[in-house]
Amino acid sequence: MHTVNVNGAAIEIKHTDPYALQNMSAGAGAQGDIKAVMPGRVVKILVQEGQDVTQGQPVLVLEAMKMENEIKAPVAGKIEKICVAESASVESGAMLVNIEPI
């Protein structure tokens, strides 16, 4: 939470990282699901199916609004399924990768 003074009035601003919301919107039982939080294009896939990953490890790069965003594993586990290909365009909410948590 930040407070900004504009023309003598204090305005409180709260910033929420859309990637932090990613797992909360995935729903119960889907904690290893990685979904696109905005439309974009898959630039590079950094893992392979069957590969073990740690929490916070980069999984893929998604270009959205002319910016490249490194998408990280929300949990430690094994890559169960990669649902997209490099250069694919994805819509908001599209399933990208599923990780089987350990």
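1. Contact, as the word is used in this note, means heavy atoms within 4.5 Å. On that basis, and leaving aside residues up to four places away in sequence, Leu-96 of this predicted model touches Ile-34, Lys-35, Ala-36, Leu-60, Lys-81, Ile-82, Cys-83, Val-84 and Val-90.

2. Leu-96 also belongs to the largest nonpolar core, a set of 19 residues in which Leu-96, Val-97 and Ile-99 touch the most other members. Four strands each supply at least two residues of this core, namely β4 (40-45), β6 (58-64), β8 (77-82) and β10 (95-101).

3. As to the overall layout, the chain has one helix and ten strands, and reading along the sequence gives the pattern β-β-α-β-β-β-β-β-β-β-β. Of its 102 residues, 31% count as buried, while the accessible surface of the chain comes to about 6,500 Å², with 51% of that area belonging to carbon and sulfur atoms. When contacts between residues at least 6 apart in sequence are considered, 51% of them join residues at least 24 apart.

4. One open sheet is formed by four strands in the order β3-β10-β8-β5, with antiparallel pairing. Because β3 (33-35) and β5 (52-53) stand at the edges and have a single partner strand each, one side of each is left without a neighbour in the sheet. Within this sheet, β8 and β10 run antiparallel and are joined by five bridges; Gly-77, for its part, stands opposite Pro-101 in β10.

5. A further open sheet, also of four strands and with antiparallel pairing, has the order β7-β6-β4-β9. Its edge strands are β7 (67-72) and β9 (89-90), each of which pairs on one side only. Six bridges join β6 to β7, and these two strands run antiparallel. Two residues can be followed across this pairing: Leu-60, which is among the residues touched by Leu-96, has Ile-71 as its bridge partner in β7, and Leu-62 has Asn-69 as its bridge partner in β7.

6. The hairpin of β6 and β7 has two residues between the strands, and in this hairpin Met-65 takes a positive phi near 55°. The hairpin of β1 and β2 likewise has two residues between the strands, and here Asn-7 takes a positive phi near 50°. A reader checking the backbone may wish to look at both residues in the model.

7. Turning to the N-terminal strands, β1 and β2 run antiparallel and are joined by five bridges, with Asn-5 standing opposite Ala-10 in β2. Which residues make the nonpolar surface patch of about 280 Å²? The patch is made by Val-4, Val-6, Ile-11 and Ile-13, and β1 (2-6) and β2 (9-13) each supply at least two of its residues.

8. Ile-11, one of the patch residues, lies in strand β2. Is Ile-11 buried, partly exposed or exposed? Its relative accessibility is 39%, and Ile-11 therefore counts as partly exposed, given that buried means under 20% relative accessible area and exposed means over 50%.

Notes:
Residues are numbered from 1 along each chain as its sequence is written. This is a predicted model: local features need pLDDT of at least 70, side-chain atom pairs count only at pLDDT 80 or more; totals for chains, interfaces and linings use all residues. Side-chain values use heavy atoms; hydrogens and water are left out. Patches are made of residues with over 30% relative accessible area and no salt bridge: like charges are joined within 9 Å, nonpolar side chains (Val, Leu, Ile, Met, Phe, Trp, Tyr) within 5 Å. Accessible areas come from the Shrake-Rupley method with a 1.4 Å probe; for residues, only the protein chains shown count as cover. A salt bridge is a side-chain nitrogen of Lys or Arg within 4 Å of a carboxyl oxygen of Asp or Glu. Buried means under 20% relative accessible area, exposed over 50%, partly exposed in between (1.4 Å probe, protein chains only). A nonpolar core is a set of buried Ala, Val, Leu, Ile, Met, Phe, Trp, Tyr and Cys residues joined through side-chain atoms within 4.5 Å. Two strands pair if DSSP finds at least two bridges between them.
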